[in-house]
Amino acid sequence: MLIRLLGTGNAAQIPVFGCDCRVCARARVDERYRRRPSSAEIVTSMGRYLLDAGRTDLAQWLDPSVLRGVILTHYHMDHVEGLFHLRWGPLAPIPVYGPPDETGADDLFTHPGCFDFSHQLTPYEPTVISQELTVTPIPLKHSRLCFGYVLEGRRESVAYLSDCDGVGPRSLDTLQRAKPKAVIVDCTYPPGMGRNHFSLDRALEFAATLAAPRVYLTHIGHGLEQHLIDHPLPLEGPVSVASDGMTLSVE
Ligand SMILES: [Zn+2]
Ligand SMILES: [Zn+2]
Ligand SMILES: [Zn+2]
């Protein structure tokens, strides 16, 4: 299967509305530097799954005939906003897998449209979504009930950990046992800044404890991007910054 990152920005996105910093100015003239809100797509031979749906333009290009489900990390608006538009499609119920958050986001639960939000997942319990995809929810430290996921193909796995400001001992143990070939992890802020999300120093420290061969930073804010222009990550190291459109394959 493939995991395609469609949105690697934080809620502010890049460019940030009204901001003329060099990062936002660059993204306004060069599409490659844009960062949209958290969204990803898991492509399997039996259909596709959204992994978060923060982008509001999904209806313009997502093929409804292959959409088999949605997997949500949490109900902060920058991860679910796209569902507000998609839900009115005349489609058979599409399962939405996610944390047991009683309030969800705004009126999604009272007016679910084509989405079936009843598929609440249990922490640490592997759930078979299809023959090609098993997901294990990993509770993350964040300002709202939030799951990361170990996404398991037939032989390999990848961990998707957004939004995150650390994990408890059981989550860490589960991640270490899973031995993911790659970790995609929240890194919103420059070193020493922010809360509820990793800053660069804390993200790197956390990633080192997982010893994954590859680490991709996501949920990137413009302040971090400014920092990275002046202090780029070492090219030969395991850590790199994700970008919108980046694709990982998982056997
Ligand atoms: Zn800016
Ligand atoms: Zn969040
Ligand atoms: Zn977020």
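I looked up the bridge partner of Ile 42 and found Tyr 49 in strand 3. The model I am reading is predicted.

I then checked the strands around this pair. Strand 2 covers residues 39-44 and strand 3 covers residues 47-53. They pair in the antiparallel sense, over six bridges.

Next I traced the sheet they belong to. I read seven strands in the order 6-5-4-3-2-1-14. The sheet is open and its pairing is mixed. I asked which strands stand at the edges. They are strand 6 (115-120) and strand 14 (247-249). Each has a single partner strand, so one side of each is left without a neighbour in the sheet. I noted an average twist of 25° from one strand to the next.

I looked for a helix on this sheet. Helix 3, residues 77-86, packs on it and touches strand 2, strand 3, strand 4 (67-71) and strand 6. Its direction makes about 125° with that of strand 3.

I moved on to another sheet. Here seven strands run in the order 7-8-9-10-11-12-13, again open, with mixed pairing. Strand 7 (127-130) and strand 13 (239-241) stand at the edges. Each has a single partner strand, so one side of each has no neighbour in the sheet. Neighbouring strands are turned by 25° against each other on average, direction ignored.

Inside this sheet I picked strand 11 (residues 182-186) and strand 12 (residues 214-218). They pair in the parallel sense over five bridges. I found Thr 218 in strand 12 as the bridge partner of Asp 186.

Last, I checked helix 5, residues 200-210. It lies across strand 11, strand 12 and strand 13, and runs at about 155° to strand 11.

Methods:
Residues numbered from 1 in each chain as written. Chains lettered and ligands numbered in written order. Predicted model: local features only at pLDDT ≥ 70, side-chain atom pairs only at ≥ 80, totals over all residues. Pairing = 2+ DSSP bridges. Helix = DSSP H or I, 4+ residues; strand = E, 2+ residues; numbered from the N terminus. Axes fitted to C-alpha atoms, helices over the stretch in contact; angles between N-to-C directions. Contact = placed C-beta atoms within 7 Å.
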